[in-house]
Amino acid sequence: MQTPYYLIDKSRLLPNLEKIAHLRETSGAKALLALKCFATWSVFDMMSEYMDGTTSSSLFEVKLGREKFPGETHAYSVAWADHEIDEVLASSDKVIFNTAAQLTRFEEVSRGHTRGLRVNPGVSTSGFDLADPARPFSRLGEHDPKDIEPVLEQISGFMFHNNCENDDFERFDNMLGSIEQRFGHLIRQMKWISLGGGIHFTGEGYPLDRLAERLKRFAGENEVQVYLEPGEATITNSTTLEVTVLDTLFNGKNLAIVDSSIEAHMLDLLIYRESAKMNESGDQPWMICGKSCLAGDIFGEFNFPKALKAGDRLSIQDAAGYTMVKKNWFNGVQMPSIAIRELDGTERLVRDFTYDDFSAALS
Ligand SMILES: Cc1ncc(COP(=O)(O)O)c(C=O)c1O
Ligand SMILES: NCCCCNCC[C@H](N)C(=O)O
């Protein structure tokens with residue numbers, strides 16, 4: 001297959017899905033895939049056997065969830081536009097408003113639909129200001145019980161999303177405790193509560209059964225159906241970005257230029273200033289660089305067993321979350337195709353991109 005391409009390996013996706021299924025069974029919580037993180041629908045048939053549906057951040061994600069992923073479709077957006085709301089309602093099972101003002105604005109048109117409100121608990125686990133829903137002056141949800149009380153009658157659920165790559169169960173437990181302390185009297189008047197995404201419960205060594213027990217207790221004590229919205233936890237470590245070395249040079253360090261671009265194909269790494277991951281080792285350090293014009297288009301520095309040369313194939317690990325949904329045509333760099341490795345080891349191409357797609361993205 002011609003590089004670059006994202007390779008979704010079902011045998012690496014499966015263990016995550018099995019953990020999700022275990023959590024659902026033992027806790028009673030429902031799990032919705034957060035499409036903002038991963039929306040490559042060619043594997044939705046498999047994922048939907050282990051999950052309850054999808055949640056969204058826009059009208060188009062709502063429509064994709066409804067069209068491609070069997071099960072429940074939750075519709076959330078930071079703000080719905082007047083011209084969107086009819087389609088949002090037609091394609092969703094629940095609509096979640098970000099503010100009481102949006103709920104009020106669309107109260108009449110959404111009457112009869114299952115409705116919820118995003119609540120911002122004011123605490124989060126994000127180490128990144130950029131991804132911290134509880135950052136100062138956050139626009140993400142209502143934070144004051146006084147502003148929520150007047151609209152309580154119109155809703156049956158809340159959505160909290162305040163975790164970010166949180167692999168620390170104690171921290172999750174404490175934060176849920178503080179949510180109960182501050183909003184418990186309101187939660188107990190609801191039928192369902194979504195606790196959002198950002199819990200790294202599919203990670204190695206995560207105490208899944210303690211999480212299940214905590215969620216079950218939360219659901220029981222508050223008499224609510226719990227939902228989780230895992231994005232990253234669902235697809236972590238399932239996918240690689242397959243690239244080829246196009247050129248090498250030396251400028252104080254060994255540099256290899258590959259047929260991909262961090263800015264175009266793994267943008268989150270650049271945004272959050274993180275290195276890509278590679279399963280390589282050896283005593284030869286190489287900097288792996290992208291082919292866009294951006295000086296800092298660098299995937300990271302890795303050790304290899306021998307010198308790299310043009311034509312070498314490399315696999316960049318953990319390339320599913322917030323990659324394919326954010327890929328772009330910067331510099332007109334060839335957009336990676338998407339391929340799937342089936343459970344029997346066979347690989348098939350499910351999407352490739354051509355000059356026509358590049359041209360059609362603009363006018
Ligand atoms: C409301 C909501 N739910 C779920 C998620 C998914 O988070 P993660 O991919 O970290 O699990 C996000 C991330 O932005 C979110 O904002
Ligand atoms: N790896 C660096 C942090 C990634 C942040 N995750 C994506 C966004 C997140 N779900 C959010 O709540 O904004």
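Around ligand 2 in this predicted model stand the residues Phe128, Ala131, His161, Cys164, Glu165, Tyr272, Glu274 and Tyr322. Sorted by the character of their side chains, the residues of this shell fall into 5 nonpolar, 1 polar and 2 charged. Several polar contacts join the protein to this ligand, and they involve both oxygen and nitrogen atoms of the ligand: a polar side-chain atom of His161 is 2.6 Å from an oxygen atom of ligand 2, while an N or O atom in the side chain of Glu274 is 2.9 Å from a nitrogen atom of ligand 2. Tyr322 also takes part, with a polar side-chain atom placed 3.1 Å from a nitrogen atom of ligand 2. The ligand taken alone would expose 380 Å², and the protein buries 82% of that area.

The surroundings of ligand 1 can be described in the same way. Its shell consists of Ala34, Lys36, Cys37, Met159, His161, Gly197, Gly198, Glu229, Pro230, Gly231, Glu232 and Tyr322, and these residues divide into 5 nonpolar, 4 polar and 3 charged. His161 and Tyr322 belong to the residues around ligand 1, and His161 and Tyr322 are also listed around ligand 2. Here the backbone contributes to the polar contacts, for a polar backbone atom of Gly198 lies 2.8 Å from an oxygen atom of ligand 1, and a polar backbone atom of Glu232 lies 2.9 Å from an oxygen atom of ligand 1. Glu229, by comparison, uses its side chain, of which a polar atom is 2.7 Å from a nitrogen atom of ligand 1. Ligand 1 has 400 Å² of accessible area on its own, of which the protein covers 86%.

The polar contacts of the two ligands are set side by side below.

| Residue | Part of the residue | Ligand atom | Distance |
|---|---|---|---|
| Gly198 | backbone | oxygen, ligand 1 | 2.8 Å |
| Glu229 | side chain | nitrogen, ligand 1 | 2.7 Å |
| Glu232 | backbone | oxygen, ligand 1 | 2.9 Å |
| His161 | side chain | oxygen, ligand 2 | 2.6 Å |
| Glu274 | side chain | nitrogen, ligand 2 | 2.9 Å |
| Tyr322 | side chain | nitrogen, ligand 2 | 3.1 Å |

Tyr322 deserves a further look. This residue sits in the loop between β14 (313-316) and β15, and its phi angle is near 60 degrees, which is a positive value in a residue other than glycine. Is Tyr322 buried, exposed or partly exposed? With a relative accessible area of 23%, Tyr322 is partly exposed, because the partly exposed class lies between the limits of 20% and 50%.

A second residue with a positive phi angle that is not glycine is Glu223, whose phi is near 50 degrees. Glu223 is found in the loop between α9 (208-222) and β9 (225-228), and its relative accessible area of 67% makes it an exposed residue.

Turning to the interior, the largest nonpolar core contains 91 residues, and those with the most contacts inside it are Phe38, Met47, Phe158, Phe201 and Ile288. Helix α8 (residues 169-187) supplies the largest share of this core, namely 7 residues. Where does this core lie with respect to domain 1 and domain 2? It lies between them, because domain 1 (10-234) and domain 2 (239-319 + 327-361) both give residues to it.

Phe172 lies in helix α8 and counts as buried, at 3% relative accessibility. Its C-alpha atom is separated by 34 Å from that of Ile85, a residue 87 positions away along the chain. Met190, in the loop between α8 and β8 (192-194), is likewise buried, with a relative accessible area of 4%. The C-alpha atoms of Met190 and Gln102 are separated by 19 Å, and these two residues are 88 residues apart along the chain.

Leu343 gives a contrasting case, for it occupies the loop between β15 (337-341) and β16 (347-351) and is exposed, with a relative accessible area of 54%. Leu343 and Leu14 are 329 residues apart along the chain, yet their C-alpha atoms are separated by 9.0 Å.

Finally, at the beginning of the chain, Pro4 lies in the segment before β1 (5-9), and the peptide bond from Thr3 to Pro4 is cis, with omega near 0 degrees.

Key:
Residues numbered from 1 in each chain as written. Chains lettered and ligands numbered in written order. Predicted model: local features only at pLDDT ≥ 70, side-chain atom pairs only at ≥ 80, totals over all residues. Heavy atoms only, no water. Near = heavy atom within 4 Å. Polar contact = N/O pair within 3.5 Å; in protein donor to acceptor, adjacent residues only side chain to side chain. Areas by Shrake-Rupley, 256 points an atom, 1.4 Å probe, with all protein chains shown as cover. Nonpolar A, V, L, I, M, F, W, Y, C, P; charged D, E, K, R; others polar. Core = buried A, V, L, I, M, F, W, Y, C linked by side-chain atoms within 4.5 Å. Buried < 20%, exposed > 50% of the residue type's maximum accessible area, 1.4 Å probe, protein only. Helix = DSSP H or I, 4+ residues; strand = E, 2+ residues; numbered from the N terminus. Domains from an automatic or database assignment.
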